[in-house]
Amino acid sequence: MAGEKTRVKLLIDKIQFTGSKITDKASVTAATWDDQPLTLRDDELILEEATPEEEEIFSHELDSALDYSITGGSVTATGSFVQATVEQLVSLLGGKADGSVFMKSAKKLMIDKAIRFTFKEGGWVVFTRAKGFTTLNLNVGRGGRAKYPFKFIALAADGSEYDLIWDTTGTATAPETTK
C-alpha cells in the first residue's frame, strides 16, 4: 500500500556463548550454550555488516573505470550487558572473584567464542566465531547503573566458510511462498 511503513523490531531473549566449534545448523543445535547477562533495553543491540571496501581501476586514457572490485566488511555486534553476576564479570572482563568482591584485571580480556543471539519472536543469529571485548561502565550517582558495553566481530570458524548463521523464524524476512 502506498505510504504504508513497515517497522520490524527484534527483541533479544538471551545471549549465549559456547566454546564448541560451530560450522553449520547441526553444530548450533548440538552445542552447549552458556547464558550471559541481560542486555540493556535503553541501548540498541546492533548486528551490522560494515560497508565493503571498494576499488576502481582507471587508465590514463579513459574517464570511466576499467574494473571494479570489493573486499567484504566484518559483521559486528555492539550493545551492553547489565545485571552480571560476579562470576560473569570475571568471564567478561577478566580478573578474580572473592565472594561478592570483583577484582578487575589490568589486562584487557579478549573473548574468542561462538555467540548466539536468540530473539523473543523466534529465530536466532550465531556468530560462528566471535572475537571481542567487554568494558566496564559504572554510572555512579542518582539513577546510576552498572553496564558492560561489548563489541564482537564475527569471524569464520576454522574449517567453515560462514561467519554468521541466521535462523530467520519470526524475524525480518519475507514469508516463504510456494508456487
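**Close-up 1. The β8–β9 hairpin in this predicted model.** Strands β8 (residues 95-98) and β9 (residues 101-104) run antiparallel and are joined by four bridges. Look across the pair and you'll find Ala97 of the hairpin standing opposite Phe102 in β9. Two residues sit between the strands, and Gly99 takes a positive phi near 70° in this hairpin.

**Close-up 2. The largest nonpolar core.** This one counts 21 residues, and those touching the most other members are Ile15, Phe17, Phe81, Ile115, Phe117, Phe127 and Phe152. Two or more residues come from each of β1 (12-18), β7 (75-82), α2 (86-93), β10 (111-119), β11 (124-134) and β13 (146-155). Apart from this core lies another, made of eight residues, including Ile22, Ala31, Trp33 and Val126.

**Close-up 3. Phe152 and its contacts.** Leaving aside residues up to four places away in sequence, Phe152 touches Phe17, Ile115 and Phe127, among others. Its other partners include Val75, Thr76 and Ala77, along with Ile111. Phe152 also meets a run of neighbours that includes Ala130, Lys131, Gly132, Phe133 and Thr134.

**Close-up 4. The second largest pocket.** There's about 150 Å³ of space in here. The lining has 10 residues, with Leu47, Val75, Val125, Leu164 and Trp166 lying nearest the centre. Both β4 (46-49) and β14 (164-167) give two or more residues to this lining, and β4 gives the most, with three. As for chemistry, the lining residues split into eight nonpolar and two charged, with no polar ones.

How values were computed
Residues numbered from 1 in each chain as written. Predicted model: local features only at pLDDT ≥ 70, side-chain atom pairs only at ≥ 80, totals over all residues. Heavy atoms only, no water. Pairing = 2+ DSSP bridges. 1 Å grid on protein atoms, 1.4 Å probe; cavity = no way out; pocket = protein on both sides within 12 Å on 5 of 7 lines; lining within 4 Å. Points joined across faces, edges and corners; volume = space filled by probe spheres on them. Nonpolar A, V, L, I, M, F, W, Y, C, P; charged D, E, K, R; others polar. Core = buried A, V, L, I, M, F, W, Y, C linked by side-chain atoms within 4.5 Å. Buried < 20%, exposed > 50% of the residue type's maximum accessible area, 1.4 Å probe, protein only. Contact = heavy atoms within 4.5 Å.
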